[in-house]
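Visitor: I'd love a close look at the inside of this protein, with its surroundings sketched in first. Could you walk me through it?

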Amino acid sequence: AWASGSAGWCACACLISAGTIDPVGPLVRTENESATATAGTSHVVNLPSGIVAGDLILVLMNVGSTAATIHALTGWTELLDEGVSSGLYIAYRLADGTEGATITLTSSASTRDATITLRIANAQDPAVQAPQIGTTATGTSVSPDPPNVTPTGGAKDYLAVALFGDA
């Protein structure tokens, strides 16, 4: 995130449901961070280390102070692309073991970004139960608070990931 107290924030929550193979719920095994500090349309995103087939990879991006959408990336499923100033972008991929160290996302306008990627083990296959998000909230207070997300996958373990972006 960038300077606090600026134009405002967006907040969202994402739920990952537990898989059926392992009795342990979904776990974040590794994470990585990246940022585009100088505005541009090309955004190199560092992926987490240790990715193996079956892991769920989650990309959580805060788009900078310029309204921009992120172009679809082959092999990834988009959950959210707000296309607004300090908007959020969320995408996921079920790893097949061919992932490299980075991906490059392209935005519709020149903007900055701050991105976190998560490698999640023991997640439900997205073809069975995809990650889900709730609505986004916006505000200007110093306490971003994402709205609740009601799970649709029934009674099981979930990993909840909350994020916010501040331009």
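Visitor: To get my bearings, how many helices and how many strands are there in the protein? And then, which residues of the largest nonpolar core touch the most other members?

Guide: Happy to take you through it, and please keep in mind that this is a predicted model. The protein has 9 strands and 0 helices, so the pattern read along the sequence is simply β-β-β-β-β-β-β-β-β.

Before we go inside, here is the overall frame. Along the principal axes, the C-alpha atoms fill a box of roughly 45 × 35 × 20 Å. The radius of gyration is 15 Å, which agrees with the value near 15 Å that a compact globule of 167 residues would have. Of those 167 residues, 46% are buried. Contacts also reach across the sequence: taking those between residues at least 6 apart, 80% join residues at least 24 apart.

Now to the part you asked about. In soluble globular proteins, nonpolar side chains tend to be buried together. Here the largest nonpolar core has 17 residues, and the members that touch the most others are I16, L58, L60, I90 and I120. At least two residues of this core come from each of β1 (9–17), β3 (56–63), β5 (88–94), β6 (102–121) and β9 (158–166). Strand β1 gives the most, with 4 residues.

L58 is a good place to zoom in. Leaving aside residues up to four places away in sequence, L58 touches C14 and I16, then I90, A91 and Y92, then I116, T117, L118 and I120, and finally V161. Apart from the largest core lies another one, of 16 residues, which includes M61, I70, A91 and I103.

For contrast, let's finish at a loop. D125 sits between β6 and β7 (132–133). Is D125 buried or partly exposed? Its relative accessible area is 34%, so D125 is partly exposed; buried would require a value under 20%. The C-alpha atom of D125 is separated by 6.7 Å from that of G19, although the two residues are 106 apart along the chain.

Stepping back to the outside, the accessible surface comes to about 7700 Å², and 53% of that belongs to carbon and sulfur atoms. As for charge, the protein has 5 positive and 14 negative charges, and the mean positions of the two sets are 5 Å apart.

Note on methods:
Residues numbered from 1 in each chain as written. Predicted model: local features only at pLDDT ≥ 70, side-chain atom pairs only at ≥ 80, totals over all residues. Heavy atoms only, no water. Rg over C-alpha atoms; globule rule 2.2 N^0.38 Å. Buried < 20%, exposed > 50% of the residue type's maximum accessible area, 1.4 Å probe, protein only. Contact = heavy atoms within 4.5 Å. Areas by Shrake-Rupley, 256 points an atom, 1.4 Å probe, with all protein chains shown as cover. Lys, Arg positive; Asp, Glu negative; His and termini not counted. Charge placed at Lys NZ, Arg CZ, Asp CG, Glu CD. Core = buried A, V, L, I, M, F, W, Y, C linked by side-chain atoms within 4.5 Å.
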